[in-house]
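Got the viewer open and a hand on the selection tool? Let's take a walk through this one, stop by stop.

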Amino acid sequence: DKVTVTMSDSKGNKQEKSTAKEGTEGSVEFVPTDSGTYSFVATATREDEETPITGATKEYVYTLPLSVPSVNPVTGNGNGTAVVSWGAVKEAVTYRVEYKVKDADDSTYTKAYEGTETTATVEGLTTGTTYVFKVSAIRGTDIVSQTVEKAYTDTAEREWNFSVFGGTGTSLTKNKYSGNI
């Protein structure tokens, strides 16, 4: 016996998974990549029978969980400002950046930004103070957050990025530089 389950999204995209198992129970697992309404239908076939049996279509509404924002190191600009940046979160509608002095009560968070961009400038920082920056991804009532700490100095900093490239595979042991820049 074989059961094939077909998942369809609202755009007509289909994905099939099958299970061949003795008995009356079996399972398949689907992992949708977007929020939306998905329909499922199971079709059973037997080796010695020509006509498959198709069950009723069932619909389910799926909400993709928001992932935690991936916050880059905070870059101080001097003059009491710092830049906070993060990677986009799939299906987030807005982002919020808040900050507070390290070890202060969470009720002291100050909102520095709310919008759709993935970079924010925070102003009014004091040299020599360590801050906690909180970046939140928001969709309706769903909110997920990530925090990072930064000891603020009056020296402007530069954001550095690193790329690994090479032949058929990437190896950090073969593609590296060590020494002073």
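Here is a tour of two sheets, some aromatic rings, a few backbone oddities and a pocket.

Before you start clicking: this is a predicted model, where local features need pLDDT of at least 70, side-chain atom pairs count only at pLDDT 80 or more, and totals for chains, interfaces and linings use all residues. Numbering runs from 1 along each chain as its sequence is written, and side-chain values use heavy atoms, with hydrogens and water left out.

**Stop 1: the sheet of four**

Switch to cartoon and select residues 94-101, 110-115, 130-139 and 142-151. The strand names come from DSSP runs numbered from the N terminus (E for strands, at least two residues; H or I for helices, at least four). You're looking at an open, antiparallel sheet of 4 strands, ordered E9-E8-E11-E12. E9 and E12 are the edge strands, each with a single partner, so one side of each has no neighbour in the sheet. On average, neighbouring strands here are turned by 20° against each other, direction ignored; the axes behind that angle are lines fitted to C-alpha atoms (for helices, over the stretch in contact), and angles run from 0 to 180 degrees between N-to-C directions.

Strands count as paired if DSSP finds at least two bridges between them. E8 and E9 run antiparallel and are joined by 5 bridges, while E11 and E12 pair in the antiparallel sense over 10 bridges.

Now pick Val97, which sits in E8. Buried or exposed? At 0% relative accessibility, Val97 is buried, where buried means under 20% relative accessible area, exposed over 50% and partly exposed in between (1.4 Å probe, protein chains only). Across in E9, the bridge partner of Val97 is Tyr113. Try a distance label too: the C-alpha atoms of Val97 and Tyr109 are 9.5 Å apart, with their positions 12 residues apart along the chain.

Slide over to Phe133, whose bridge partner in E12 is Val148. Then follow the hairpin of E11 and E12 round its turn: there are 2 residues between the strands, and Gly140 takes a positive phi near 60°.

**Stop 2: two unusual phi values**

Most residues other than glycine have a negative phi. Select Glu91, in the loop between E7 and E8: its phi is positive, near 75°. Glu91 is partly exposed, at 25% relative accessible area. Next, jump to Asp103, in the loop between E8 and E9. Asp103 isn't a glycine either, yet its phi is about 70°, and at 71% relative accessibility Asp103 counts as exposed.

**Stop 3: the sheet of three**

Select 75-78, 81-85 and 119-122 for another open sheet, with 3 strands in the order E6-E7-E10 and antiparallel pairing. E6 and E10 are at the edges with a single partner strand each, so one side of each is left without a neighbour in the sheet. The twist averages 25° from one strand to the next. E6 and E7 pair over 3 bridges in the antiparallel sense, and Gly76 stands opposite Ala82 in E7.

**Stop 4: the rings**

Show Phe, Tyr and Trp side chains. How many aromatic pairs does the whole structure hold? The search finds 8, where rings (for Trp, the six-membered one) pair if their centres lie within 6.5 Å, and planes under 30 degrees apart are stacked, over 60 edge-to-face and the rest tilted.

Zoom in on Tyr38 and Tyr62, an edge-to-face pair at 6.4 Å centre to centre and 80° between the planes. This pair links distant parts of the chain, E3 and E5, 24 residues apart. Tyr38 is buried at 7%, whereas Tyr62 is partly exposed at 26%. Tyr131 and Phe133 have ring centres 6.1 Å apart and planes at 50°, so that pair is tilted; both residues are buried. Add Phe30, Phe40 and Tyr60, which ring pairs link into a cluster.

**Stop 5: the second largest pocket**

Keep Tyr38 selected and add Asp9, Asn13, Thr33 and Asp34: of the 15 lining residues, these five lie nearest the centre of the second largest pocket. A pocket here is an open set of points on a 1 Å grid over the protein atoms alone, where a 1.4 Å probe fits, with protein on both sides within 12 Å along at least five of seven lines; lining residues have an atom within 4 Å of a point. E2 and E3 each supply at least two lining residues, and E3 gives the most, with 3.
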